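Okay, thanks for squeezing me in. Let me put the structure up and then walk you through a few spots in it.

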Amino acid sequence: MASLAYSLFILSLFTFTLLNPVCSELDEYLFSFGDGLYDAGNAKFIYPDKYLPSYHHPYGTTFFDYPTGRFSDGRTVVDFVAENVSLPRIPPFKNKEANFTYGANFASEGATASDSNPLIDFRSQIRDFGELKLEWAVQLVNVTELARRLKKAVYLISFGADDYLNYEIPSEASREQLESIVDVVLGNISDRIKELYDFGARKFVVENVAPLGLIPFIKQTSDNSTLFYELASLHAMKLPQILEKIQDGYLFPEFNYTVFNYFGIIKEIIDAPGEHGFKYGDIACCGNSTYRGQACGFLDYEFCVCGNKTEYLFFDGTHNTDAANNLLAELMWDKESGFISPYGVKDFFPSPTTIQTLLTEATALG
Ligand SMILES: *[C@@H]1O[C@H](CO)[C@@H](O)[C@H](O)[C@H]1NC(C)=O
Ligand SMILES: *[C@@H]1O[C@H](CO)[C@@H](O)[C@H](O)[C@H]1NC(C)=O
Ligand SMILES: *[C@@H]1O[C@H](CO)[C@@H](O)[C@H](O)[C@H]1NC(C)=O
Ligand SMILES: *[C@@H]1O[C@H](CO)[C@@H](O)[C@H](O)[C@H]1NC(C)=O
Ligand SMILES: *[C@@H]1O[C@H](CO)[C@@H](O)[C@H](O)[C@H]1NC(C)=O
Ligand SMILES: *[C@@H]1O[C@H](CO)[C@@H](O)[C@H](O)[C@H]1NC(C)=O
Ligand SMILES: *[C@@H]1O[C@H](CO)[C@@H](O)[C@H](O)[C@H]1NC(C)=O
Ligand SMILES: *[C@@H]1O[C@H](CO)[C@@H](O)[C@H](O)[C@H]1NC(C)=O
């Protein structure tokens, strides 16, 4: 009997979904802040006169057939997350002609968490978010609805790598020196996240940084890649602690977060690419010299491009292929993967999955 009642409930839900057009309207929102891993093409609008490799061959060739400003042969992790919740592609905020109904992408290649470049750093991305909030306020009129959407939205954050890559680290830096560098970066990430909270954001998915000493760019250019590895490893260790601290403080009662262990999965793929469906984890698909660590898409340097891009973790010296980003997004989706904690991205998008799950169960019940 219980299962009959349940079936009827599912049936009514199903009918309701089909008959009520309002219900089929998307009510999901996604924002992203960060560096080149998440960038969807803001740079063209920031530097209209500059040569930007990400707008040239071979970027974009696998999925879009043309370069889009993404630092990949195809999609970024943000694109895959949006796809999975049936959202359209989240446009770069600097593109004033885009439609920001479901969110915006503020990320930009080279962006740091601590203040360095006032055009692209985390602080400036938050200024842009403030602008978008005003635009939403004007469109929606209703402040309750504005607050509801900001609260319902998921905020993807990828910062830190460029802070470390830009840093002039003394080659024999002590552990204490490295820790203080990491603390400045994390202190800024923490402060910016609190600002986002004050704007109305609640659900944060924060990824740590790649094992920087092992990426093709650093292996090719650094005299002491161990330093970069150490910084990234300290960052990965301390990031959950600073987020937990925000949650424990009484100032941010609705703060919610999860940490994606990007460091851990990238290291694992580099160490054993075959176990994750790749052939090469140590050398990029596109670039120059031993590791193809630099110059992908450049005009003034020669570079080569691999044949089968799905065999590679890295597309260029610092960014991933479409295939790798697909895998990363899958691992972010569900906390059962072991690489995201305490929640999976799907837990922050409860409504579409809930309906999906119910419909699947209804089908199973016949
Ligand atoms: C933006 O997209 C939304 C949702 O698809 C749509 O309702 C709205 O009309 C669009 N706005 C403009 C200006 O095209
Ligand atoms: C404002 O939005 C809320 C839903 O978030 C809705 O319940 C309320 O009726 C709206 N108010 C007006 C005046 O439209
Ligand atoms: C943020 O970074 C700046 C350097 O750009 C630094 O001076 C400041 O102390 C950092 N903030 C925190 C809270 O660590
Ligand atoms: C490289 O950095 C590590 C970590 O700080 C340090 O222990 C080591 O001495 C450095 N090696 C060289 C060759 O400078
Ligand atoms: C590779 O490209 C970089 C520019 O990104 C250049 O500085 C370097 O000299 C190039 N290396 C070789 C071996 O061509
Ligand atoms: C490219 O590599 C992938 C993964 O190794 C493989 O499944 C696929 O068949 C390859 N495609 C071609 C055209 O060789
Ligand atoms: C999308 O969702 C499905 C099931 O809901 C999941 O199996 C898959 O890993 C997700 N993919 C991505 C890229 O998030
Ligand atoms: C955080 O999100 C999870 C998953 O949606 C939810 O179960 C939990 O109650 C939320 N916690 C807070 C403090 O809002």
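So, to start: which helix gives the largest share of the shell around ligand 7? That's H12, with 4 residues. Keep in mind that we're looking at a predicted model here. H12 covers residues 322–333, and along with helix H4, residues 77–84, it's one of the helices that each supply at least two residues to that shell. If you want names, around ligand 7 you'll find Phe80 and Asn84, then Asn326, Ala329, Glu330 and Trp333. By class that comes to 3 nonpolar, 2 polar and 1 charged.

Now over to ligand 6. Its surroundings are Lys279, Asn308, Thr310 and Glu311. Here the shell has no nonpolar residues, just 2 polar and 2 charged.

Okay, on to helix H10. It runs from 225 to 248, so with 24 residues at 1.5 Å each you'd expect a span of 34 Å, and the end C-alpha atoms sit 35 Å apart, which agrees. There is a bend, though: about 30° at Lys238, with a proline, Pro240, following within four residues.

And what about burial in H10? The buried residues are Leu227, Phe228, Tyr229, Glu230, Leu231, Ala232, His235, Ala236, Leu239 and Leu243. Yes, Glu230 really is on that list.

What covers them, then? Among the helices there's H7 at 161–166, H8 at 175–199, H9 at 216–221 and H11 at 262–271. The cover also includes two strands, E4 at 203–207 and E5 at 256–260.

That's my tour, happy to go back to any of it.

Note on methods:
Residues are numbered from 1 along each chain as its sequence is written. Chains are lettered from A and ligands numbered from 1 in the order in which they are written. This is a predicted model: local features need pLDDT of at least 70, side-chain atom pairs count only at pLDDT 80 or more; totals for chains, interfaces and linings use all residues. The expected span of a helix is 1.5 Å times one less than its number of residues. The bend at a residue is the angle between axes fitted to the seven residues ending there and the seven starting there. A residue is buried if 20 or more other C-beta atoms lie within 10 Å of its own, exposed if 12 or fewer, and partly exposed in between; C-beta atoms are placed from the backbone. Two residues are in contact if their C-beta atoms, placed from the backbone, lie within 7 Å. A residue is near a molecule or strand if its C-beta atom, placed from the backbone, lies within 6 Å of it. Ala, Val, Leu, Ile, Met, Phe, Trp, Tyr, Cys and Pro count as nonpolar, Asp, Glu, Lys and Arg as charged, and the others, Gly among them, as polar.
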